[in-house]
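Take a moment to look over the model before reading on. The text below starts at the ligand and then moves out to the chain.

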Amino acid sequence: MSVPYLMEDRREAGRLVAKVDSDAWVREYLDPVLPAGAGRVLDVGAGPGHIAEAVLRARPDAEVTAFDGNPDRLAAGTGNPAGDALVRRSGDARALPFDDGSFDLVYSRLMLQYVAERERAVAEMARVTRPGGRVVLFDLDGQLVWHDPVGPELRAALDPVTEALAATGFDPHTGRRLFALARRAGLTELTVRVDPYHLIAGRIDPGEREQWALKLDIARPLIARALGGPAEAADRAVAVFLAHLDSEETLTYSVAFTVTGTVAGVAGAVSGGAAPAASR
Ligand SMILES: C[S@@+](CC[C@H](N)C(=O)[O-])C[C@H]1O[C@@H](n2cnc3c(N)ncnc32)[C@H](O)[C@@H]1O
């Protein structure tokens, strides 16, 4: 059974894969903390496993586990043969089915924003990382909420939707919360990095527009519920938002926070041998 996820849809795996250059992301955000050789790496909220596959390409000797709340998306993978070598485990990030200290590196990309009990999920990531191992948290701040100018029509479309999103546990400001979450999980030697993520100044690029249109289409049932009116109300709200992105005069942006921390204790790579055992 799947863990509830706001963007659940049969098109979601393809959308996730299409919107990132996984190899470039791993080089940029994980390379400095990847274990040197045959270490153990866990991707929490891996979707179909595209980023985990890129980790394997960067460290072919590593044992890389892709973990996600949707067993079907995870099992289907990306169709890329590189994915055959991944370990795939499904479950809830708030109760990871791994023993304490099982991994050298645990990371989560763009999952925590959807998890209402994100403190518990980060504590779990710290628990399953070995002493001296690293945890990397990557998430957005400002997604869907930062635009300029915001006229009355866009405001009327955005406000009920962001309220409805909040009721599902989605937090568009998760990025800024990662530092405190990492501290509360007991991680040390914290580093914080902030980069532009969405940055649409003037008319949106056609490829990026397609991605937004798909995302809004997947979110359409929630938008319709939020607006509470006939289906046309959701169509109108989506059209207003896309018109904002199409305008030469508007700005939409969000930033990505990356917080990296170390699990306190005596350093030392996770020894080889049996795969991480289920602890509950
Ligand atoms: C936006 S996608 C990110 C996928 C991938 N990390 C990426 O960066 O493209 C979020 C993923 O987190 C998963 N997810 C959400 N809540 C979860 C939970 N509580 N436990 C495990 N996975 C969860 C969803 O199933 C989804 O595949």
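Start with His50. One of its polar side-chain atoms lies 2.8 Å from an oxygen atom of the ligand. This is a predicted model, and every distance here is computed from it. Two arginines make similar approaches. A polar side-chain atom of Arg73 lies 2.9 Å from a ligand oxygen. For Arg109, the distance from a polar side-chain atom to an oxygen atom of the ligand is 2.6 Å. Each of these pairs can be checked against the cut-off for a polar contact, a pair of N or O atoms within 3.5 Å.

How much of the ligand does the protein cover? On its own, the ligand has 600 Å² of accessible area, and the protein covers 98% of it. The place it occupies is the largest pocket.

Now look at the residues around the ligand. There are 18 of them. The closest are Gly45, His50, Asp68, Ala93 and Arg109. Two of these names, His50 and Arg109, have already appeared with their polar side-chain atoms. What kinds of residue make up the shell? Nine are nonpolar, five are polar and four are charged.

Step back to the whole chain. It has 10 helices and eight strands. Its radius of gyration is 19 Å, close to the 19 Å that the globule rule gives for 280 residues, so the chain is as compact as a globular protein of that length. Along the principal axes, its C-alpha atoms fill a box of roughly 60 × 35 × 30 Å.

Some details of the backbone deserve a look. Find the peptide bond from Asp148 to Pro149. This bond is cis, with omega near -10 degrees. Where does Pro149 lie? It is in the loop between strand E6, residues 147–148, and helix H6, residues 152–167.

Go back along the chain to Leu144. This residue is not a glycine, yet its phi is positive, at about 75 degrees. Leu144 lies in the loop that runs between strand E5, residues 129–141, and E6.

Finish at Glu189. Here too phi is positive in a residue other than glycine, with a value near 50 degrees. Glu189 is found in a strand, E7, which spans residues 187–201.

Technical notes: Residues are numbered from 1 along each chain as its sequence is written. This is a predicted model: local features need pLDDT of at least 70, side-chain atom pairs count only at pLDDT 80 or more; totals for chains, interfaces and linings use all residues. Side-chain values use heavy atoms; hydrogens and water are left out. A residue is near a molecule or strand if one of its heavy atoms lies within 4 Å of it. A polar contact is a pair of N or O atoms within 3.5 Å; within protein, one must be able to donate a hydrogen and the other to accept it, and residues adjacent in sequence count only if both atoms are side-chain atoms. Accessible areas come from the Shrake-Rupley method with a 1.4 Å probe; for residues, only the protein chains shown count as cover. On a 1 Å grid over the protein atoms alone, a cavity is a set of points where a 1.4 Å probe fits but cannot get out, and a pocket is an open set with protein on both sides within 12 Å along at least five of seven lines; lining residues have an atom within 4 Å of a point. A molecule sits in a cavity or pocket if more than half of its atoms lie within 2 Å of its grid points. Ala, Val, Leu, Ile, Met, Phe, Trp, Tyr, Cys and Pro count as nonpolar, Asp, Glu, Lys and Arg as charged, and the others, Gly among them, as polar. Helices (H or I, at least four residues) and strands (E, at least two) are DSSP runs, numbered from the N terminus. The radius of gyration is taken over C-alpha atoms; the globule rule is 2.2 Å times the number of residues to the power 0.38.
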